[in-house]
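These entries record what I looked up, beginning with charges placed over aromatic rings and ending with strand pairing.

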Amino acid sequence: MTPTGTPPRRGADTLTASEARRITLAAQGFSRRMPAAVAPRHFHRTMDRLGVLQIDSVNVFARSHYMPMFSRLGAYPTSMLDRTFLSRTTHYVEYLAHEATFMPVDDWPLWGFRMRGWQQRISSPDEWGHVHARTLDWVRAELRDRGPLRPADLRDDAPRERGSWWDWDDAKLALEHLWRCGEVAIAGRIGFERRYGLAEQVIPAEVRNTTIERADAVRELVRRAARSYGVATVADLNDYYRLRDQAGVRAAVDELVDSGELEPVSVRGWERGGRLLPTWRHRDAVVARRIDRAALLTPFDPVIWFRDRALRVFDLDYRIEIYVPAAKRRYGYYSLPVLVGDRIVARVDLKADRAASVLRVQSAWWEPHAVAERDAPRVAEELVRAARWQGLERLSVSGWGDASDAIAHALHGQETPVDRHEHPREVVSAI
């Protein structure tokens with residue numbers, strides 16, 4: 001057995017940083033040709049690579065769960081993704097399989113250990129579930145009698161006459177607690193509003209009645225994370241599904257090495273304190289010869305969602321500035337990293353101004369490895385593609401950021417009306 005706390009054995013493969021990036025991007029689907037027309041089967045294939053699709057409510061450009069499919073597959077009707085993921089289907093369900101994510105419904109038993117942990121946590125004396133047992137019982141009964149419901153459906157029929165125990169915030173919390181505990185599942189969404197049903201109303205019986213022990217579930221999730229990353233450290237594998245179980249992940253890695261599914265490698269530059277980090281490559285990982293792709297990445301794309309890995313793999317020091325006061329933001333409210341080839345070359349803060357039919361590039365910044373003359377046209381092409389995907393007629397580039405002039409200049413060569421706006425000048429063009 002190869003101890004996970006020690007560097008790879010002598011003779012183990014050594015990868016360059018570029019090879020590690022190309023392995024990661026190939027594992028994530030960026031080495032594949034985009035389809036001429038996106039169909040639901042392409043979503044399913046991409047989900048097989050990613051494992052999960054993180055959900056986020058921020059809609060300044062496009063909600064996060066729409067972005068990874070666009071980044072990998074190209075433009076598609078967002079209504080197609082809604083039908084595949086948000087409607088009640090037999091394919092996917094929501095759970096905390098990272099943060100809140102869409103995941104295959106067949107994966108429900110893999111999260112039994114997390115559900116059981118939540119149940120123990122809220123039912124202990126003095127904890128929320130014990131104190132609010134009456135609210136939980138009422139919500140269970142409503143779902144049992146009426147089937148899947150939106151929170152608003154419960155509010156409209158709230159038992160206010162029963163006394164001071166009722167509080168609407170408690171009812172919403174009850175739905176969330178029951179969902180985390182696995183008693184309730186998400187039965188689709190209307191718009192972006194969840195519909196909650198009892199698990200037996202949503203999850204097939206053969207799936208719901210399957211039990212997987214924690215160690216077995218962690219090993220399977222580590223195996224999947226390793227396949228999705230291609231090459232990874234223990235910290236990477238621990239974060240992919242937010243396992244928060246370093247000892248369990250290390251034990252799983254050892255077992256997967258013994259079975260031949262993982263092999264120890266070293267990656268030049270993947271260091272801490274001057275020592276190479278112990279790293280493993282999945283047996284199916286391939287080093288793509290080249291990555292010929294430009295893509296906008298959501299902050300919650302698996303390629304970059306673990307910030308330590310983003311820094312290590314792409315030299316991307318990335319933080320979301322939503323909660324930073326506007327005057328103190330360095331890059332903008334919700335900047336999106338831009339991939340060109342196997343490098344993150346820029347970040348752009350986008351806003352879809354639907355009333356004016358304009359995609360506003362509110363700021364644009366180069367990353368350290370960018371070459372402006374070479375990369376600006378690729379970034380511009382990606383912005384045009386993004387605007388068209390969102391049905392916007394024009395592009396607007398502000399003067400904020402060291403990449404804004406080069407990108408605005410590149411856009412003038414596109415068939416896209418460009419103008420400048422408030423920071424402090426703007427270029428606008430039409431698509």
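Entry 1, charges over rings. I worked from a predicted model. I looked up arginine 385 and found its charged end over the ring of phenylalanine 70, 4.6 Å from the ring centre. I then turned to arginine 347, whose charged end sits over the ring of tyrosine 331, 3.9 Å from the centre of that ring.

Entry 2, ring cluster. I followed phenylalanine 70 further and found that ring pairs link Phe70 into a cluster with Phe43, Phe61, Tyr76, Phe85, Tyr92, Phe102 and Trp389.

Entry 3, aromatic pairs. I searched the whole structure and obtained 16 aromatic pairs. For tyrosine 95 and tryptophan 179, I noted ring centres 5.7 Å apart and planes at 75°, so this pair is edge-to-face; the cut-off for that class is over 60 degrees. The pair links distant parts of the chain, with tyrosine 95 in strand β3 and tryptophan 179 in helix α9 (residues 168-180), 84 residues apart. I checked the accessibility of tyrosine 95 and tryptophan 179 and recorded both as buried.

Entry 4, the sheet. I asked in what order the three strands of the open sheet lie. I read the order as β2-β4-β3, with antiparallel pairing. β2 (53-54) and β3 (92-95) each have a single partner strand and stand at the edges, so one side of each has no neighbour in the sheet. I found two bridges joining β2 to the antiparallel strand β4 (residues 101-104). Leucine 53 has phenylalanine 102 as its bridge partner in β4, and I had already listed Phe102 in the ring cluster.

Conventions:
Residues numbered from 1 in each chain as written. Predicted model: local features only at pLDDT ≥ 70, side-chain atom pairs only at ≥ 80, totals over all residues. Heavy atoms only, no water. Pairing = 2+ DSSP bridges. Phe/Tyr/Trp six-rings, centres within 6.5 Å; stacked < 30°, edge-to-face > 60°. Buried < 20%, exposed > 50% of the residue type's maximum accessible area, 1.4 Å probe, protein only. Lys NZ or Arg CZ within 6 Å of the ring centre and 35° of its normal.
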